[in-house]
Amino acid sequence: MKELLLTLAQALVDHPEQVSVNMVEGEKSVILELRVAQEDMGKVIGKQGRIARAIRTLVKAAAAHQGKRVVVEIIQ
C-alpha cells in the first residue's frame with residue numbers, strides 16, 4: 001500500500017523527490033501520511049478533491065486484499 005501511494009503521488013507532482021509516505025500501523029487499521037511539496041498540493045488534491053478521492057479509493061482497494069482498513073492523509 002505504501003509503495004502504491006508513493007508511486008501514484010510521484011507520477012502526479014512536479015517535484016517527485018519531495019514526496020514521502022509515512023505509515024502508522026495499528027492492529028487492523030493503517031494510516032498513510034502523504035507529504036508533498038507546497039506547490040504540488042493542488043495536483044495531488046485536484047479540483048473539488050477528485051484526485052485525492054481517487055487515490056484513496058485505489059489504496060483502500062489494495063488494503064482490502066490484506067484485510068486492513070486504511071486512511072490516507074495528505075499533509076504538507
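This briefing walks you through the fold, one helix, the salt bridges and a few single residues of the chain above. Keep in mind that the model is a predicted one. The chain contains three helices and three strands, and along the sequence they come in the order α-β-β-α-α-β. Its radius of gyration is 12 Å, close to the 11 Å that the globule rule gives for 76 residues, so the chain is as compact as a globular protein of that length.

**The chain as a whole**

- Measuring along the principal axes, you can fit the C-alpha atoms into a box of roughly 35 × 20 × 15 Å.
- How much of the chain is buried? Of its 76 residues, 32% count as buried.
- The accessible surface comes to about 4900 Å², and carbon and sulfur atoms account for 52% of that surface.
- Take the contacts between residues at least 6 apart in sequence: 56% of them join residues at least 24 apart.

**Helix α3, one face at a time**

- Helix α3 covers residues 50-65 and has 16 residues.
- From its first C-alpha to its last, α3 reaches 23 Å, which is close to the 22 Å expected at 1.5 Å a residue.
- Which residues of α3 are buried? They include Ala 52, Ile 55, Val 59 and Ala 63.
- Now imagine looking down the axis of α3: its buried residues fall within an arc of 70 degrees, so they line one face of the helix.
- That buried set packs against α1, β2, α2 and β3, so to follow these contacts in the viewer, look for helices α1 and α2 and strands β2 and β3 around α3.
- On the other side of α3 you will find Arg 50, Ala 64 and His 65, which are exposed.
- Ala 54 also belongs to α3, and its relative accessibility of 40% makes it partly exposed.
- The C-alpha atom of Ala 54 is 20 Å from that of Gln 38, with the two residues 16 apart along the chain.
- Just after α3 comes Gly 67, with a positive phi of about 70 degrees.

**Two salt bridges**

- How many salt bridges does a search of the whole structure find? There are two.
- One of them joins the side chains of Asp 14 and Lys 43, with 2.3 Å from N to O.
- This pair links distant parts of the chain, 29 residues apart: Asp 14 sits in the loop between α1 (2-12) and β1 (20-25), while Lys 43 sits in helix α2 (residues 41-45).
- Asp 14 is exposed, at a relative accessible area of 52%, whereas Lys 43 is partly exposed, at 33%.
- The other bridge is formed by the side chains of Glu 25 and Lys 68, with 2.7 Å from N to O.
- Glu 25 lies in strand β1 and Lys 68 in the loop between α3 and β3 (69-75), so this bridge ties together parts that are 43 residues apart in sequence.
- Lys 68 has a relative accessibility of 24% and counts as partly exposed.

**Loop residues to look at**

- Gln 48 is in the loop between α2 and α3.
- Is Gln 48 buried or exposed? Its relative accessible area is 67%, over the 50% cut-off, so Gln 48 is exposed.
- Most residues other than glycine have a negative phi.
- Gln 48 is not a glycine, yet its phi is positive, at about 55 degrees.
- Ala 37 is in the loop between β2 and α2.
- With a relative accessibility of 5%, Ala 37 counts as buried.
- What does Ala 37 touch, leaving aside its neighbours within four places in sequence? Ala 37 is in contact with His 15 and Gln 18.
- The C-alpha atoms of Ala 37 and Gln 18 are separated by 6.0 Å, though these residues are 19 apart along the chain.

**A residue in helix α1**

- Ala 11 has its place in helix α1.
- At 66% relative accessibility, Ala 11 counts as exposed.
- Ala 11 and Val 44 are 33 residues apart in sequence, and their C-alpha atoms are 9.8 Å apart in space.

Note on methods: Residues are numbered from 1 along each chain as its sequence is written. This is a predicted model: local features need pLDDT of at least 70, side-chain atom pairs count only at pLDDT 80 or more; totals for chains, interfaces and linings use all residues. Side-chain values use heavy atoms; hydrogens and water are left out. A salt bridge is a side-chain nitrogen of Lys or Arg within 4 Å of a carboxyl oxygen of Asp or Glu. Helices (H or I, at least four residues) and strands (E, at least two) are DSSP runs, numbered from the N terminus. Buried means under 20% relative accessible area, exposed over 50%, partly exposed in between (1.4 Å probe, protein chains only). The expected span of a helix is 1.5 Å times one less than its number of residues. The arc is that of the directions from the helix axis to the C-beta atoms. Contact means heavy atoms within 4.5 Å. The radius of gyration is taken over C-alpha atoms; the globule rule is 2.2 Å times the number of residues to the power 0.38. Accessible areas come from the Shrake-Rupley method with a 1.4 Å probe; for residues, only the protein chains shown count as cover.
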